[in-house]
Amino acid sequence: MVNCGLLTGLNEPVPLKSISVEVRVQDHVASVSSTLQYVNEEQRPLEALFVFPLPADAAVCHFSAKIGEQEIVAELQDKETARDQYDDAVSSGQQAFLLEESAESPDVFKLSVGCLSPGQNAAVTIIYVIELAVQADQSLRFCLPAVLNPRYTPAGSGAGIVSEISSVCGAVPYTLTLSVHVSSPKPISKLESNCTLDPLVFLHSDHTQATVNLSPGHMFDRDVELFLYYQDTHQPSAVVEAGVATAPSGSLMRNPVVMISLYPEFPEEVATQNEFVFVMDRSGSMDFMMHHGIGAQKCIESAKDTLLLLLKSLPMGCYFNIYGFGSDFESFFPKSVEYNQDKMDQALKKVKEMRADMSGTEILQPLKHIYSQACIPEHPRQLFIFTDGEVGNTKEVLDLVKSHAHSQRCFSFGIGEGASTALITGLAREGSGHAQFITGSERMQPKVMESLRLALQTAVSNISVDWTLPEGVTAETVSPPINVLFQGQRTIIYAQLKGKTLEGSEGSVTVKFNLNGQPVTNQLHFCIKPTEETGLAVHRLAARTLIRSLEQEERSSAERKNLRRTIVELSVQAGVSSVHTAFIGINKDTKQTVKGPLQQRRVPTYERQLMRRRMSERMRDRDRTSEYNYLFPPLAERMRERQRTRECRHYLPPQEESVRNRLPLRKAAPELQQDLVLPLVSLQKASGCWELDAALAAVFGKTEDELTNQKPAQVDGSVWATLLALVWLYGWRKEQQVEWQFVAQKAAAWIASQKVGDLSQCVCVGNVLLGCQVTKDTLGI
């Protein structure tokens, strides 16, 4: 196979030798410094283009390059001006570097390393800051992306980034080192990762500072995920950061900025009268394995299990529909239908038949179709969107979602390392919902059920933010208006403080909203004295937030020219990249003559060669299987088995697979648990009950006669079966309660509706039969 990228005469990719990353975490904000070491081992000058992913909400604030002993610090300029300077410098033989954000998606950056002479080394440093997302288990997640999977672009869209990365392939020749320093006003409980780490070292006895390093020998073959656990993570907090005295008067960078982190508290009332629309990616890449080892599944199989769990968890009285999309789309029903046993059975039959057979990833058209359908009165629509990839028209998709956010919430799920952070987080942000990423060995079901819990919360309305500050001090909110609040979920507000601040004086912020027509108030008091040594992280995140809002407004405004000027001005002042600016660095001291043509090479990213190999094998076997299936059905089944076997054996080269097998998987669920919970859930009726039959007994490891013979006389078979199912879930699968919580709630409500007498004796008999120790109160009946 011929490799692509920056190559030697021996067809070996060489330009990127190593990546060194330093992460400094302060509470829930991370500053990330990445240094990339390049070397040109060819006998001709090269211009290398490195296309790489960064988190969508990252604020890129520094870019520099070191050649020999000389360091070039890049300046942020208007993108067109920067490109012109770069072209002029490269053509004249000067060393130049250009870093710019892709116009198609804010989570993709392009690094042009211009005119590397033969044998020359260059070290490029990129620094960005980012907020760390809170997970369902209260941890803070940091992710260092490893790969940029191929972006699918609808036919005719002509998105430029596609041609730039479509030729990237080959195994990665570079190494990764990673060091992390964590400091927080709250004690650090623990730190977990999907990769092997050295032991965590605490720097103080109060455990408020710690360091940790990635273990040596790591193969950068997956996203590196870190999960930080603090004590009292959900406590509201405020950080006030001093401005820059030399910044223009009245600018965002001149004045102090406050970052407020709120965790709204209000009664978690469940709204059962909803319309649920599940939108599932069925493109070809969903046929890939999510991970390896115990419980490994293809993405599409995990998605089917998740849909089963979702369908069983829906409350009676709601409406639902399921869409599949790829290059085209289809729905289970012409429009959403009322949830009952008949419709649930029809949907489950179609779920079993789902395949990853719809080619590309064109999500815009199914969303347009869904939004064109009138909402059902008194049934707010909740969209659940699942995808493992990226699209070339991200901004158009997000604009569509935002235009309907007033009436329809959107919950998004990124499957695997290749899912676009810009698309997934953007869908949730613009759709007033919540985003989840399922990576590594994580199972999809727990995260989806957590989002279902949020979707079932009654939507709050009339959200307002009020500030109470000392006389002469005002707060100008730079965050977009809050349009969604979830109980216990973090909400961040950035504001610029203007006027004379008094050291030691206090202020407060109050968030007011209505829940079911009743007013609710949450308030936080804070000291407005600026915090020491924050490194302008808060200002830059505030600027990033404001820039994103202005970019959104620009796309739909008639005053685009003025808005563009405002974005460029703010971007340059804050030193934070935008779609209209780029970092440009030129070594003007070197003016070497360019000998021979300047060759542009694209630096490879990991898994492209493997992905192409797997894709070509799949397409070849699918073509053969289709032909054999028509002529020789038994042979077709053997072809499918051979394909499955090869996927298990050759997903990674042997030496890389052995490395992966040595890496611990975070929170891997035992295979036994995966095999029994879903079979039990699959037997539940839409109303919430189970039938007393052999299939249910088999889940418990019993015979139907054993269950029937122990049934108390005062209850019928369905009540007894449902009670046993609850006892088994609480007794043997308590640790997976987040997955089956709604299944259990339906079951408990159904038993209560049967008006059975005292159930305590039935629970005791059930405990003896199933070997559990569960009380009646635990079951919620």
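How far is the sulfur of C764 from the closest cysteine sulfur, and in which residue does that closest sulfur lie? In this predicted model, the distance is 9.1 Å and the partner sulfur belongs to C762, which is too far for a bond, since a disulfide requires a pair of cysteine sulfur atoms within 2.5 Å. C764 itself is partly exposed, with a relative accessible area of 43%. A comparable examination of C143 places this residue in no disulfide, the nearest cysteine sulfur, that of C195, being 9.5 Å away. C143 is buried, its relative accessible area being 13%. By the distance rule, the count of disulfides in the model comes to 0.

Attention may next be given to the strand β1 and its partners. β1 (16-26) and β2 (29-39) pair in the antiparallel sense over 10 bridges, and within this pairing V25 has A30 of β2 as its bridge partner. β1 is also joined to strand β12, which comprises residues 175-183, by 9 bridges, and these two strands run parallel. In this second pairing, I19 stands opposite L176 of β12. β1 thus takes part in an antiparallel pairing with β2 and in a parallel pairing with β12.

The hairpin formed by β1 and β2 has 2 residues between the strands, and D27 there takes a positive phi near 60°. Most residues other than glycine have a negative phi. D27, found in the loop between β1 and β2, is buried, with a relative accessible area of 11%. A positive phi is likewise found at N462, where the value is near 50° in a residue other than glycine. N462, however, is placed in strand β26, which covers residues 461-468, and at 58% relative accessibility this residue counts as exposed. The two residues with positive phi described here therefore include D27, which is buried at 11%, and N462, which is exposed at 58%.

Among the helices, α9 spans residues 537-555 and contains 19 residues. From its first C-alpha to its last, α9 reaches 27 Å, which is close to the 27 Å expected at 1.5 Å a residue. Of the 19 residues of α9, 15 are buried, so that this helix is largely enclosed by the rest of the structure.

Methods:
Residues are numbered from 1 along each chain as its sequence is written. This is a predicted model: local features need pLDDT of at least 70, side-chain atom pairs count only at pLDDT 80 or more; totals for chains, interfaces and linings use all residues. Side-chain values use heavy atoms; hydrogens and water are left out. Buried means under 20% relative accessible area, exposed over 50%, partly exposed in between (1.4 Å probe, protein chains only). Helices (H or I, at least four residues) and strands (E, at least two) are DSSP runs, numbered from the N terminus. The expected span of a helix is 1.5 Å times one less than its number of residues. Two strands pair if DSSP finds at least two bridges between them.
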